[in-house]
Amino acid sequence: MDNDLIKLYKTNKINYESLKESCTFVLKNTNKVDVSIIIPVMNRKDFHQPLVDHLNAAINKFSTKTFSITFVEHTNNPKHKENSNKNNINYIRINKKDQDPFNKCLCMNVGSLYSNDAEYYLFHDIDILMNENYFVDIFKNIERVNNNSALQTFAGRRIIVMNQDETNSIIRNKKNLNSITRNYSMPGAPGGSIFIKAQDFKTVGGYDAEFFHGYSPEDAFFWHKLELMVNIQGCNDPVIEAYHMWHPPTHASNPDKVTLSSRWEEFKSFQRDEKIKFINHISHEFKKLYK
């Protein structure tokens, strides 16, 4: 198999071992854990503490599993190292040249490779908050599907969207989630928070840093790979709600968005067996990184 996407993958293939040499690692927790929480970041420093506080409240409510939190920052101007140190959580910085775009996929793959060995990964955006029953209810959903699915960790593929004033109040610690107005997004969001077995993450070849950067269809691409290989469901029983903090829109900020969207469209145009062959090729190379 040697279609245009595979050729592009070979051309852009990332040397993670070489990349590792230029990374900064401050790993407070190196133990094997049940759940490794990986948060890709660049900027949005004000969102750091609210997310860590809500994650810790949910972790403390669920004492039968072990967790780690790792912020992975792709930047030449780090903003999250100090808060990560203060919160005694893991931090990885991927050095970014001035002209390079932020690569969320790269952050998530690096986090999986070089933070904690884990049974599950939670790939989670910095702008999404949760209630304290979050992990209790995630594992109830896992039990419901007999551990056979990846989970989007909120219900109905829709999310509660805060306004700017509510977000500012959360940041200033003057408002809790129970007082947030329940204004829901349209259903269909393919990313934001994905809970997946580590072995399944490797089976689909991780996130696609060779194909995407900046604001792009990387979540939709990854979601479709999951649907083809391991199945994915929402957290609908029991229902989990997620809360999106307000920030200025970013959807039009990527100058390469047309090119990046064309890669997603090309993959969607493949026949199912061709998609599976593509994923297997990527997965074969990706799994080598964990040996």
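This report describes the overall dimensions, the surface and the nonpolar cores of one chain.

The model is predicted, with local features requiring pLDDT of at least 70 and side-chain atom pairs pLDDT 80 or more, while totals for chains, interfaces and linings use all residues. Residues are numbered from 1 along each chain as its sequence is written, and side-chain values rest on heavy atoms, without hydrogens or water.

The chain holds 11 helices and 11 strands, taken as DSSP runs (H or I, at least four residues, for helices; E, at least two, for strands) and numbered from the N terminus. Its radius of gyration of 18 Å is close to the 19 Å given by the globule rule for 291 residues, so the chain is as compact as a globular protein of that length; the radius is taken over C-alpha atoms, and the rule is 2.2 Å times the number of residues to the power 0.38.

| Property of the chain | Value |
|---|---|
| Span of the C-alpha trace along its principal axes | about 55 × 40 × 40 Å |
| Accessible surface (Shrake-Rupley, 1.4 Å probe) | about 13300 Å² |
| Share of that surface from carbon and sulfur atoms | 45% |

Buried residues (under 20% relative accessible area, 1.4 Å probe, protein chains only) make up 54% of the 291 residues.

The largest nonpolar core, a set of buried Ala, Val, Leu, Ile, Met, Phe, Trp, Tyr and Cys residues joined through side-chain atoms within 4.5 Å, has 49 residues, of which V110, I196, L226, F267 and F278 touch the most other members. Helix α5 (residues 104-114) contributes the largest share of this core, seven residues. Apart from this core lies another, of 39 residues, including V26, L51, I138 and Y243.

Definitions and conventions: Buried < 20%, exposed > 50% of the residue type's maximum accessible area, 1.4 Å probe, protein only.
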